[in-house]
Structure formats: C-alpha cells, structure tokens
Amino acid sequence: MPRRQGWFGSLSEGGKVTVIGSAIVGVSTLAAAILPSLLSSGDRKGTDEAKPPAQTQSQTPTRVTDPDSGTSSQEGTPEPDPTGTTPSTEPTTPTGPPAPTSYEVAYKDRTMSLSMARGAESGAGTTGSLDFDAPASRRYLDSAWAAEKEKAEESGVPLQPDLTYANAGSGFLILTEGRTAAQLQPSDPSEKAEDCAAAAQVGGFSEARLNDWQLPRKTVFCVRTDQGNIARVLIVDFVGGTEDDNEAFAEPPDQITLKVTLWKSSA
C-alpha cells in the first residue's frame, strides 16, 4: 500500500522553499514586535523599583465660587492650631521704663527732738521716739518701750515710731525695723526729694552710738518710712552729755535737735 503524504510533502521543492521562507519571515516579524515590548516592560519595572517614595505636596487653597450667593471662599485653607501655639500677628505695644515717681512736700524744715532721761535722775531710763509720718514725738519708759516692741512682734502690726534714742550709757540712735535709711555726710548738698529717696532705697544705716561723739552735726539721714514717705533728717545740735576724747569720761547727749522735711509720693 502506498505511504500517504501530507500537504507539505506533496509540494514541489520550490513550494517547500517558499513555505519555509514565509515561516521564517513570520517568526522574525513576530519577534520584532514582541521583543521591544518585553524590554521596555523590564526597564519600567526596574525604574519603578528605584523610584523614591512620593513627596507630600503642599496643599494650595482652591477658590470656589458659590453660584447662589456669588461669594467665593477658599478650600483647603489650614485650620487654626488647636494648641494655641500659632504666633499672634497682632501688633504689640512696646513697654518703656516705669514713669518716675514724683513727690510733694508734706512739711519742710520742721524742728523736732529726740531725748532720753537717765535712770539715776528719773528713777527709770526712758526711750525717745519720733514718727515722721504723723509727725509726733514721744518718750517711753524703757520697760514700756520693750512691751510695745513685744506687742508689735506678736500682732504683726508695725511700730509707729521711725527713729528712737535710748540707753543712757551708750546713747543708741536706732532705726525701727521696717524702714530703710542712709547716712549722708555733711558735704552732701542735695535737698531734692528724688535724691533723698534714691539714697534711702540703697540704705546702709541701722543705728549709731553717740557716746563716742563720732556723729557730727549737719549729718543728714534719708529715711523711707513704713508708709513709703521720704524724710530728710538733719542733725542741728546736741544738748547735754559730756564730750570727751576719753570714752571713760564721755557721756552721750541727752537730746538731739533735728530739722526734718517730709515728702509724700504723688504717683
């Protein structure tokens, strides 16, 4: 029985060559079409893998017009910071130095005196006191003055006198607690309230002992009282006592004569 031949086998040699050539051309054409696509796909894949993460873009407000009202508004506008940390845009008013304090005269060059009595003469020693705010002077028995101080400490109410003079043996001129004072030399000429207030603010004086007579006449004290007033206290003279270079024979003065000017703050 003769062997069956397929359609390719039945072709002549020229036909077979034609078919084989067409097949090769077709495969080449198909490869030329597919290969660039595969290569570009691989390139894109590698590019996508190397691409950095996308950056967050800032939101730009978009203006939207309301067709009914004709007004426009912005979308995407950031809301105010709920923490309140957003800096204020309101203008601030610069603050300058505080206004200088001005003073008015309450009284001027008023003569006052501080005196004490010796225990041997009066039976008991006394303490002289001056309240510049009142103004008023008073003498206490030493025991009564000690009781006044104790009462003030217990109640917390300040003592009224600003300056006291006591102790017949030593003659102590003492600034009462709650005040500030400065001792000026006789060469200091200023009689202005502002200068005296500045000196009193600095302070430096608390007490002086007069039995050595080292406190000269014309010495000035600037005192800030417990009420905030400024007193300029000038020592005019000393009365009594015994001035001696030998302290064993010296005795403090019995009385100190003063000239006082008081200013009150008007600010």
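How many bridges pair β4 and strand β5, and in which sense? The legends below start there.

**View 1. Strand β4 and its partner β5.** This is a predicted model. β4 and strand β5 (residues 136-141) pair in the antiparallel sense over six bridges. The link between β4 and β5 is a hairpin of four residues. Ser129 has Arg138 in β5 as its bridge partner.

**View 2. Strand β4 and its second partner, β6.** β4 also runs antiparallel to β6, with three bridges joining the two. Gly128 is paired with Tyr165 of β6.

**View 3. Burial along β4.** Strand β4 spans residues 126-131, and six of its six residues are buried. In a regular strand, side chains alternate between the two faces of the sheet. Here both faces of β4 are covered. Thr126, Gly128 and Leu130 are buried on one side. Thr127, Ser129 and Asp131 are buried on the other. For the chain as a whole, buried residues make up 26% of the 267 residues.

**View 4. The five-stranded open sheet.** The strand order is β3-β12-β11-β10-β8, with antiparallel pairing. β3 (103-115) and β8 (180-184) are the edge strands, each pairing on one side only. From one strand to the next, the twist averages 20°.

**View 5. The β8 edge.** Strand β10 (residues 220-224) pairs with β8 over five bridges, in the antiparallel sense. Ala181 stands opposite Val223 in β10.

**View 6. Helix α4 against the sheet.** Helix α4 covers residues 193-202. It lies across β3, β8, β10, β11 (230-239) and β12 (255-265). The helix runs at about 75° to β10.

**View 7. The largest nonpolar core.** This core has 27 residues. Phe132 and Leu173 have the most contacts inside it. Two or more residues come from each of β3, β6 (163-166), β7 (172-175), β10, β11 and β12. A second, separate core holds twelve residues, including Leu184, Cys196, Val220 and Ile230.

**View 8. Surroundings of Phe132.** Which residues does Phe132 touch, not counting residues up to four places away in sequence? Tyr107, Met112, Asp162, Leu163 and Thr225 are among them. So are Ala231, Val233, Val260 and Leu262. Phe132 is also one of the two residues with the most contacts inside the largest nonpolar core.

**View 9. Helix α3 and the residue after it.** Helix α3 (residues 142-155) has 14 residues. Its first and last C-alpha atoms lie 20 Å apart, close to the 20 Å expected at 1.5 Å a residue. Gly156 comes just after α3 and takes a positive phi of about 80°.

**View 10. Stretches with pLDDT below 50.** The chain has a mean pLDDT of 75, and 60% of its residues reach 70 or more. Over residues 49-62 the pLDDT is below 50. That stretch has eight contacts in the model beyond near neighbours in sequence. Residues 91-97 also have pLDDT below 50, with zero contacts beyond near neighbours in sequence. Where pLDDT is low, the predicted coordinates should not be read in detail.

**View 11. The chain overall.** The chain contains four helices and twelve strands. Of the contacts with a separation of 6 or more, 58% come from residues 24 or more positions apart.

Terms used: Residues are numbered from 1 along each chain as its sequence is written. Side-chain values use heavy atoms; hydrogens and water are left out. Two strands pair if DSSP finds at least two bridges between them. Axes are lines fitted to C-alpha atoms, for helices over the stretch in contact, and angles run from 0 to 180 degrees between N-to-C directions. Contact means heavy atoms within 4.5 Å. A nonpolar core is a set of buried Ala, Val, Leu, Ile, Met, Phe, Trp, Tyr and Cys residues joined through side-chain atoms within 4.5 Å. Buried means under 20% relative accessible area, exposed over 50%, partly exposed in between (1.4 Å probe, protein chains only). The expected span of a helix is 1.5 Å times one less than its number of residues. pLDDT is the predictor's confidence in each residue, from 0 to 100.
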